[in-house]
Amino acid sequence: MKHIIRIAAVVLAAIVVFAVLDRIPVAVGELSDIALSNKVTTDGKYSGSLVLVNSEHRYRNSGEELVNLYENKTDSFYMGTTEIELQKVAVKPLCDMLDAFREETGLKKINVISGYRSVQSQQEIYRQKLELMGRIYTKSHVQTPGFSEHHTGLCVDFSIYNADDGSSTDFDATGEYEWFLKNAWKYGFVLRYPENKKDITGISYEPWHFRFVGVPHAYYMTENNLCLEEYVGLIQSKTKSEPLKLTCGGNTYKVWHSEKSPKSGSFSGDNYSGYIVLK
């Protein structure tokens, strides 16, 4: 009996130690090093609507054109703050999408609560989550500073705003809001972190997080149930002589990967190995 009690005590102690370690925040120096290592560049392969930013690929572009969303918004949605910025290329498609949602559903409840984040802003969010939730939760819900997709200015987070009482609730993409899962591609947006792709994206399901990639790419990703990691990986296997062919909106496109900067066609860097060309 004493032997069993001794084993139980050891196991309990291990659990307590693990829980404590999980709550220990990353050292200030560690986060500072992350921010300092995020050296930027204007190299074309690190910019564009298809740049893949995740735990393996930090964001290194410094040439994005950011605009204030509040100064360019329509009356179809709310904003959590007037300071939210996005890349210019994503602003009109976002407004068009939220206009269409209000027109088709009659609801004005979407609240845009996040867009572009600097490395410093992400660092503070990361630190707060570590202190409140621990390493395990933070690792699967928040990207490390320098590796967050929010650095691109191409993604937004939604919540639901209730004007009657001023309350805000999580956007879960169910009920009327399932509209976005079916229609976001028409405006060039995709659900960035689907529920069944956690093992690939490294991030738990985030029904509120949408990423602009452009209409043809968003269409193909949605139709074929691909997350951005899968789509970029697929295109990297395609060449100009053997491209991916897709039809969207009555137009047929060819998509392929090039290690050299293309001289024609629409293209985007993939953020590490080259360019994705659309023609």
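In which loop is Asn225 found? Asn225 sits in the loop between α7 and α8 (228-235), and one of the views below zooms in on it. Keep in mind throughout that this is a predicted model.

**View 1. The largest pocket, with Arg117, His141, Asp157, Glu206 and Trp208 nearest its centre.** This pocket has a volume of about 560 Å³. Its lining runs to 25 residues, and by class these split into 9 nonpolar, 10 polar and 6 charged. Four elements each put in at least two lining residues: α4 (119-141), β5 (155-162), β6 (167-170) and β8 (206-212). The biggest giver is α4, with 6 residues.

**View 2. The second largest pocket, centred around Leu181, Leu191, Pro194, Thr222 and Asn225.** Here the space comes to about 260 Å³. There are 15 residues in the lining, and the tally by class is 11 nonpolar, 3 polar and 1 charged. At least two lining residues come from each of α5 (179-183), β7 (189-193) and α7 (215-223). This time β7 gives the most, with 3 residues.

**View 3. Helix α7 and the residue just after it, Asn225.** Look into α7 and you'll find Pro216, His217, Ala218, Tyr220 and Met221 buried. Among the elements covering these buried residues are β7, α8, β9 (244-248), β10 (251-258) and β12. Just past the helix, Asn225 takes a positive phi of about 55°. Most residues other than glycine have a negative phi, and Asn225 is not a glycine. Asn225 counts as partly exposed because its relative accessibility is 43%. Asn225 also turns up in View 2, as one of the residues nearest the centre of the second largest pocket.

**View 4. Asn271, another non-glycine residue with a positive phi.** The phi of Asn271 is about 85°. Asn271 belongs to the loop between β11 (266-269) and β12 (275-278). Is Asn271 buried or exposed? With a relative accessibility of 1%, Asn271 counts as buried.

**View 5. Aromatic pairs, picked from the 17 in the structure.** Trp179 and Phe180 meet edge-to-face, with 5.1 Å from centre to centre and 80° between the planes. Trp179 is buried, at 10% relative accessibility, and Phe180 is buried too, with a relative accessible area of 1%. Phe189 and Phe212 make an edge-to-face pair as well, at 5.4 Å centre to centre and 65° between the planes. That second pair ties together distant parts of the chain, since Phe189 is in strand β7 and Phe212 is in strand β8, 23 residues apart. Phe189 counts as buried, at 1% relative accessibility, and Phe212 is buried with a relative accessible area of 8%.

**View 6. A cluster of aromatic rings that includes Trp179 and Phe180.** Ring pairs join Phe101, Phe158, Phe171, Tyr177, Trp179, Phe180, Tyr187 and Phe210 into this cluster.

**View 7. Two lysines over aromatic rings, Lys73 with Phe77 and Lys108 with Tyr78.** Lys73 lies over the face of Phe77, 4.5 Å from the ring centre. Over at Tyr78, the charged end of Lys108 sits above the ring, at 4.7 Å from its centre.

Technical notes: Residues numbered from 1 in each chain as written. Predicted model: local features only at pLDDT ≥ 70, side-chain atom pairs only at ≥ 80, totals over all residues. Heavy atoms only, no water. 1 Å grid on protein atoms, 1.4 Å probe; cavity = no way out; pocket = protein on both sides within 12 Å on 5 of 7 lines; lining within 4 Å. Points joined across faces, edges and corners; volume = space filled by probe spheres on them. Nonpolar A, V, L, I, M, F, W, Y, C, P; charged D, E, K, R; others polar. Buried < 20%, exposed > 50% of the residue type's maximum accessible area, 1.4 Å probe, protein only. Contact = heavy atoms within 4.5 Å. Phe/Tyr/Trp six-rings, centres within 6.5 Å; stacked < 30°, edge-to-face > 60°. Lys NZ or Arg CZ within 6 Å of the ring centre and 35° of its normal.
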